[in-house]
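The following exercises concern the structure shown below. Each task is followed by a solution that proceeds in steps.

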Amino acid sequence: TTLAALDRVLTGCRACPRLVAWREEVATVKRKSFADQTYWARPVPGFGAADAAVLIVGLAPAAHGGNRTGRMFTGDRSGDILVAALHDLGLANQATSTAADDGLELRGVRFTAPVHCAPPDNKPTPAERDTCRPWLVRELQLTRPTVRSLVVLGAFGWQALFPAVAASGCWTVPKPRPAFGHGARAVLAAADGGPDLTVFGCYHVSQQNTFTGKLTPAMLRDVLGAAAVEAGL
Ligand code: SF4
């Protein structure tokens, strides 16, 4: 399997009944400003460089963002904030992320999420998180040759990541498991003889955090920049 093949197969997944129903319902009801658009309404695959050195792991696609545009962190405020920060660092060719055909290219960076379908209230259940885990495990294995650091946006992604890392067989999960926090940093030793992985914690780029100033553009840039340096970008 290649990463591109994985992304293709993923888009046909219907393993979580509640999320399948929600992603399709959102596409029927729509938001007024998008009334003339056809929503993607399927699992949203990872997006970015095929040879990514930095993985950015979010939570799940937004109902009217990724679930509408079919591309992760695309079509909502969260995506714009994240991509603007990457552009500041020279890791994106443009500062906005509006549509799947907007020309955005990431340099050495790939977006993904532990849950690939939009959940009601942005809250997947633990069962849905576990059901989606094999996709992340496979993605970690396929990106293994090039990935050196990983930025996790928010506590949900942080909790979801470590079981996937353990299942991947690529790196060892430290005991006790590192705690999530903004600026948290953990080095996971290779389990397969390859290079180690440095994991960075960052508050999620949700509007809840960015509107309130809990996560400022400078804070986001600092973590992304540290991850890029660590990965040699
Ligand atoms: Fe499949 Fe993951 Fe979507 Fe569940 S959340 S239906 S496992 S892609």
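**Exercise 1: the two faces of a helix**

Determine which exposed residues lie on the face of H2 turned away from its buried side, and locate the buried residues of this helix.

Solution. The model is a predicted one. The face directed away from the buried side of H2 carries Pro17, Ala21, Glu25, Thr28 and Val29, which are exposed. The buried residues of H2 are Leu19, Arg23 and Ala27. Because these span an arc of only 70 degrees around the axis, they lie on the same side of H2. Their cover includes helix H3 (66-69) and helix H5 (126-143).

Next, consider the length. H2 comprises 13 residues, 17-29, and its first and last C-alpha atoms are 18 Å apart, close to the 18 Å expected at 1.5 Å a residue. Just after H2, lysine 30 adopts a positive phi of about 60 degrees.

**Exercise 2: the nonpolar core**

Identify the residues that touch the most other members of the largest nonpolar core.

Solution. This core contains 67 residues, and Val54, Leu86, Val151 and Val152 touch the most other members. Helix H6 (residues 155-168) supplies the largest share, 6 residues. Leaving aside residues up to four places away in sequence, valine 151 touches Val54, Ile56, Phe200, Cys202, Val223, Leu224 and Ala227.

**Exercise 3: a glycine in a loop**

Is glycine 103 buried or exposed?

Solution. Glycine 103 is placed in the loop between helix H4 (77-88) and strand E3 (109-112). A residue is exposed if 12 or fewer other C-beta atoms lie within 10 Å of its own. Glycine 103 has 9 C-beta neighbours inside 10 Å and therefore counts as exposed.

Notes. Residues are numbered from 1 along each chain as its sequence is written. This is a predicted model: local features need pLDDT of at least 70, side-chain atom pairs count only at pLDDT 80 or more; totals for chains, interfaces and linings use all residues. Helices (H or I, at least four residues) and strands (E, at least two) are DSSP runs, numbered from the N terminus. The expected span of a helix is 1.5 Å times one less than its number of residues. A residue is buried if 20 or more other C-beta atoms lie within 10 Å of its own, exposed if 12 or fewer, and partly exposed in between; C-beta atoms are placed from the backbone. The arc is that of the directions from the helix axis to the C-beta atoms. Two residues are in contact if their C-beta atoms, placed from the backbone, lie within 7 Å. A nonpolar core is a set of buried Ala, Val, Leu, Ile, Met, Phe, Trp, Tyr and Cys residues joined through C-beta atoms within 7 Å.
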